[in-house]
Each structure stands twice: as C-alpha cells, then as structure tokens.
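The following exercises concern a single protein chain. Please work through each task before reading its solution.

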Amino acid sequence: MPSVDEVLRSAKLVAAIEREGHAATREAIRTVMSRLRAEISKGNLDESGVAIALSGLADAVERELRQSLGSSLKRVINATGVILHTNLGRAPLSAGSLRHIHEIASGYSNLEFDVESGERGHRDIHVQRLFQRIFASLAYEDGSTPQTIVVNNCAAAVLLALNTLADGGEVIVSRGELVEIGGAFRVPEIMQKSGGILREVGTTNRTRISDYENAITERTKLLLRVHRSNFAMVGFTEQAASEELVVLGRKHKIPVMEDLGNGLLVDLAAVGVNGEYGMRDSLRSGMDVVCASGDKLLGGPQAGVIAGQPELVNRMRKNPLFRALRVDKLTYAALEATLLAYIREDYSAIPALGMIFASAEEIRNRSESLVSRLGTLSGLTLEIRPSESVIGGGTAPTATLPTYVIAISPKNHSAEELQRRLRAQNPPVIARIEEDRLLLDLRTLNPEDEATLVQAIGSIHSASNVG
Ligand SMILES: *Cc1c(COP(=O)(O)O)cnc(C)c1O
C-alpha cells in the first residue's frame, strides 16, 4: 500500500488539491485507504482486486471529496402536491424576497441604524410599518391599531407572549385546544416553559364560555385560544366564539390571546377552502394578542409574528427573551419583501399563494405538456388523472384542492423502487405513491423545474432499460 503522502503527490490529484485544499484531500485519502484496508483484512479482495482498487484510488478520493464536501442541505423537487410541506422547508420564498436578501445580506444595511438622525435604530421598525398598513383598518376600542413584533417562529412567539403576560399566573385553555402541532410543539409543555400555569376547562369536545368564566380567579392572567391547525373536530362539539372570549376578557380585565399559527392574510374561499380563519379575522374579533407563523399561509420566511394591543406588545419587546428569540437581517429582508407583495396585492408573487390559487385546469395542461415531452417510454405507463393536493404545514387539515397528477406505473419493478430512484437523483425528486402508482403533482413544482424532472425520469428509465 502506498503512503498517504505518496498518494497526495500523485499527478491525478493536483486539481483536487487546488480546489479543495491540502488538508481536506489528505483526509479523503485517509478515509479511502482505511476503507480499502478494512476490505483487505476481511478477505474481500484478492491480489488483482487490490491492484484494481489501487489504480482507481484517485477517482475514489475525488468521489469521497465530492461527498464529504458537498452541501448536506440541498434543494429537492417537491412533486407531492403538499404545498407547505414542513419536512421540505414549508413556503418557498418569492423572487422579491431573494433579491432583497441578496442585497441586504451581501453587504451592510441599516438594520439597527437610523440613517436620518445617524443614531442607533430598531430592527423591528422595518416590518412593523408594513404590518401597520396591513392592519390599518383594525382598531381597538381606544383607537389604537395593532402593533407587531417578529421572533424566530410561532413557537417562540407563543413562548414570549405567555412568559410576558402570564409568568407565575394561570392561563385558561379549553381541553379541546391542547394540541400538539408537530416537531414537539405541545401547548402544555410550552406553557410550562413560559412559567404560566395551565388551567384546563371544558371537555375534549365541548367547551362553553361559562367554563372559562367559572375558572377565572385573581390568579388568572390570560385567556388563551389555540387554533387546532392540524386536526378537525366533528360531531357533538361546541367551542366558545372568539368574540365571547373577548367580551369575557374585557369584563374581567384579562387579556385574550390566540395562537393562530397559519398567518393567513387573504381569503381562500375562491379556491373552495372555506372557514380558514386568518390574522385579520382574529384581530377583528378583538383578540388582544395573535401569534402566527411567517412560513405557513403567509408564504414568507420562517418567523413568528406577534400582533396585538400596543401596550402588551411593548411589554414583550422589553422582555429579555425577545432579545434571545429575535430574528436576523435575512428574515427581516424576506419578510419585508413578502409583506410588500401583500400591500401591492401582488399575491401571485408569493409562491405558496400562487400554488394554492393555481387551477386544476392549469395543472392538467402542464401535466399534459410534460408527458408529451417525456414521449413514449417503454416499461413505464403514464396516465393523467384527477387527484387532490393539500395545503399542509398544519393548516386547513380537511381542505383539499382539486388537481391532476401524472400517475406512473413501472412494468418491471414496483412504484416504491421508482420512488427510491427518483430520490437518488440530483436534485432528489420527492413524490407520493397511491395504489402502487407513483404520482407526480405539478402544483408544487416550479415550472422551471419541469425540464429537470423530464430529465430525471428519462435517465432513470434509460438506466433501468440498460440494466
Ligand atoms: C404551526 C403552529 C405553531 C408552531 O409554529 P412554528 O412557526 O412552526 O413554530 C404554533 N401554534 C399553532 C396553532 C400552529 O399552527
């Protein structure tokens, strides 16, 4: 066996060293050689096998470098039809957001600098002014309009709000709203971490306003409503209206807060998604505080938005936890561009909304054109058929959007095998399976990725035909 230094001097690795540096290349050689030694000592390689392995050493080192120094976080093609797919990064950002991130993050910015006065400024004013416009028509009884601050995500928003408003006191929540959102966000646990004491009322399926009223004591600091988000309750159910909670809160001078989650700012009725309740609806009902996610139906970056009574939001701003949970310039840049699109009513600029509002007809046309670009592929049966997309991300759990999918059934292997091969592409293609067919829903595909998808299917197909 040659030494690591001998391999390092080989002419074939000059380019690799130039590109990746000495230290990384040396490390890759070590990894490859110890793998080879392990194979030899296990008796897996005879003399000629060792010779072949040694002659391919430089190539093996190149492969190892590509693998170990490539990004682990990489883009994938989402052909699942689940728009806010939490595992695939929820909302894709708008082109405007990306341009703004690039401009702000590649140099310096006035993140916390007041250019006019030349003095220190506040990072939250950049989006606060936009939310102010978005919520301009919503005034509290004293004439004030909702103030907004932004933290890392909605879980952080709830934590900050509960800690500010209810530390050491009781928070009344319906037993029908003690949800787990996923990724270990559970209302009772976040409550405990906030210092608030959970006071459950009602039953799993029915909670009346009188249940809240009967539980109010001098220890009560907050009435909390939690949006059920990722599940629905049907049958013999009852829930106090938000307006009733607000009236009760005002009567006892106790703030009322809604953990809304979805961040919706538009009406989804046009696409048949009814009853989804947004940030404006929540504030209009009189909620003193609303918490929402930036990357759910708002369609922006991961962020937690807290909107509400100026006095309460100011208290949250002064909480040291706010400093710990604050967001960076990248998030502000993406959020600012997203909110500007709302103010211009340019909803199609927001990819998640564009995907929600895309008609089934449009998706069928795109599917047909993609199938015709694929041509006839022996061994694969392709068929376009009606199906359903979902919004996902723990929103509108019972709503579906009519769509068309390309259903592929391979003749020589299973749909699971095709799914695995698509995941092995670069970029990986993620698709779902139904009744042993692989389904591609173009609703969640950027049209620019259609050529890549055609190529991926084509290359899998030709490889499996050769093999
Ligand atoms: C999604 C959701 C959360 C958590 O939001 P993240 O932004 O993922 O932290 C909290 N509460 C509700 C009601 C939600 O729907």
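**Exercise 1.** Determine what share of the contacts in the chain between residues at least 6 apart in sequence join residues at least 24 apart.

*Solution.* A contact requires heavy atoms within 4.5 Å. Of the contacts between residues at least 6 apart in sequence, 74% link residues at least 24 apart. The model is predicted: local features need pLDDT of at least 70, side-chain atom pairs count only at pLDDT 80 or more, and totals for chains, interfaces and linings use all residues. Residues are numbered from 1 along each chain as its sequence is written, and side-chain values use heavy atoms, with hydrogens and water left out.

**Exercise 2.** Locate E450 and state whether it is buried or exposed.

*Solution.* Begin with the secondary structure, in which helices (H or I, at least four residues) and strands (E, at least two) are DSSP runs numbered from the N terminus. The chain has 19 helices and 17 strands, and E450 belongs to helix α19 (residues 450-466). Next, take the relative accessible area: at 6%, E450 is buried (under 20%, as against over 50% for exposed and in between for partly exposed; 1.4 Å probe, protein chains only). Finally, leaving aside neighbours within four places in sequence, list the contacts of E450: R366, L370, R373, L442 and L445.

**Exercise 3.** State what fraction of the residues in the chain is buried, and give the span of the C-alpha trace.

*Solution.* First, of the 467 residues in the chain, 49% are buried. Then, along its principal axes, the C-alpha trace extends about 85 × 55 × 45 Å.
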